[in-house]
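Thanks for sharing this one with me. Here are my notes, point by point, to read alongside the model.

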Amino acid sequence: MITREEVLAQIRTVIEENVQDMFGTDLQEDTVLNAEGNVDSMGFILVVTKLEGIYNVKIPDEEWYEIRTLGDLADVILKYMPEQ
Amino acid sequence: MKRYTGFDELLKAQNSTYSDAPAFCYDCDGAVRTVTYGQWNADVHAEAQKVKESGYACIGIVCDGSYACVVMIFACVLAGCQTVLLEAMQNAQERQEALVHTDAEAVWMRGELRETGTHMAQEEQNRRNGRILFFTSGTTAHSRAVVLSDASLMNSAYNGGCMLPLTGDDRMLCVLPLSHVFGFVCSLLWPLSFGACVALSRGMRHYIDDCAYFQPTVLSAVPTLLQFLLKYNALNPQLHTILVGAGDCPPDVLQAVKKSGRHISFGYGLTETSSGVAISIGEDPLAMSVCPDDTITLAEDGEILIYAPTCIMQGYYKDRAGTEEIMQDGILHTGDIGMIDENGCLRIRGRKKEVLVFADGTKIYLPEYESRLAAAINNPETAVVMKDSRPVLVMQNNGMSRQDVMDAIGPVMKMYSRGRQIADVLFTDHPLPRTATGKIRRWQLQKEIGL
């Protein structure tokens, strides 16, 4: 069973490897990844897409706007993760 | 280039000239499916008949970028409905508010049309024909429904096409949301006006590989998307022309595209002008020529004033005061500051209105942002301006150090993503320049601090 802490760590890794310049190095659970409900940050889209691939989940498009922080992203990945 | 009076004429003309040529292509279970102009024309008319039979006077369309969505938009206009284009990535409450505000009696989403329970008043019904409503981008509380028409949008496509002609052999990658006027005109109507093919993106998960998949020759993009595609080397070799707009574009991005041997143009326009009024066509992507139908002058303070009789909005929906504030005697007061260079080209220098526009086309409403910052540092003489594409805080010196300020605004910064966070602090030794009503004179402030 993958834990929330493991998902958070994986998100940090994906950000560090791909878009550290966009989100910085101080990645806390409440770090904002997606502002004002507009899913138009390319870095954010890249991160979510990569995580969908890593965990084999598909987050419905209409839920993307609800992801605001790093913690939200971990929660939504866990929500759609296939039963293990 | 031919000028089309509206969607009906566009469909008829292209059906007659390019009937067997591809109008659209899109992904269908891993294969590229093509729709000809003849088929598109037939699909729109069949759907328009259904819309007419439904009896709805106003329909909201959630723009998911699919072929069915494109057909529905054209069908609603042909059926005489007031058509409201809505963002796909919008929460249910915001969508409901938009539908109520625009009197949408039904909403189309993912292929289904459902009733909203709203009824359009007879007075509005009498004016509905050909109306297409776009919401201005920005925070929800400050976005407005702009009333355009298929005629104004086709005129805008004509203006753009005169500046940047395409051919029937071109293929445009349509990756921008159709609910934004830049995406609608510059990714859809511009190529369709030339009988070119529109490749409908597979969506945000495929931004990085759609160029390789569809092999477009033309692309309209916002600066952040272009920056992203460059960074990941995702532009295909067949791509020869890129039109960038809807936000300030860093010069290094423009240079990188030029260096790759592609033509890059920068466009300036507003939702209120049905998209672009000036486009760069020469070697310097930031020196823009004014489109044929439009006249641009500068006010004394440098504000860009636009006279665009064929493309201008009818007004903000149900907001006469807002319309009169921005439009006087047919002239649109943009709130943007520009200059006309020695070659007669328009260059954008900044903004005097109360918003910051980011490279992805999104905006922050400054009074709200500034009041949060002012409260955090207990200093009302606080403003935010853009410097090197990042927001910086300008404040009257009250003895706080830069680090004190950054520490104090930390909790506010947590509310914003990194790109919107304050990157630096600049101090002035006097109160900020303001108008008689207390608004910050932003352009004057920018000059004072040497931006």
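**Notes on the model**

1. Chain A comes to five helices and zero strands, and along the sequence its pattern reads α-α-α-α-α. Helices (H or I, at least four residues) and strands (E, at least two) are DSSP runs, numbered from the N terminus.

2. A word on conventions: this is a predicted model, in which local features need pLDDT of at least 70 and side-chain atom pairs count only at pLDDT 80 or more, while totals for chains, interfaces and linings use all residues. Residues are numbered from 1 along each chain as its sequence is written, and chains are lettered from A and ligands numbered from 1 in the order in which they are written.

3. On confidence (pLDDT, the predictor's own score per residue, from 0 to 100), chain A averages 82, and 82% of its residues score at least 70. In chain A the lowest mean, 66, belongs to helix α2 (residues 20-23), and the highest, 93, to helix α5 (residues 70-80). Where pLDDT is low, the predicted coordinates should not be read in detail.

4. Of the 84 residues in chain A, 33% are buried (20 or more other C-beta atoms within 10 Å of the residue's own, with C-beta atoms placed from the backbone; exposed means 12 or fewer, partly exposed in between).

5. Turning to chain B, nine strands form an open, mixed sheet in the order β2-β1-β10-β9-β11-β12-β13-β14-β15; strands pair if DSSP finds at least two bridges between them. β2 (31-36) and β15 (289-290) of chain B each have a single partner strand, so one side of each is left without a neighbour in the sheet.

6. At the β15(B) edge, two bridges join it to β14(B) (residues 275-279), and the two run antiparallel. A278(B) stands opposite V290(B) there. Helix α6(B) (residues 150-163) packs on the sheet and touches both β14(B) and β15(B).

7. In helix α7(B) (residues 181-193), 13 of the 13 residues are buried, so this helix is largely enclosed by the rest of the structure. G195(B), which follows α7(B), has a positive phi, near 75°.

8. The largest nonpolar core (buried Ala, Val, Leu, Ile, Met, Phe, Trp, Tyr and Cys joined through C-beta atoms within 7 Å) has 141 residues, and F74(B) is among those with the most contacts inside it. Helix α3(B) (residues 67-78) gives the most to this core, with 10 residues. Another core, of 14 residues, lies apart from it and includes L373(B) and V385(B).

Technical notes. Contact = placed C-beta atoms within 7 Å. Axes fitted to C-alpha atoms, helices over the stretch in contact; angles between N-to-C directions.
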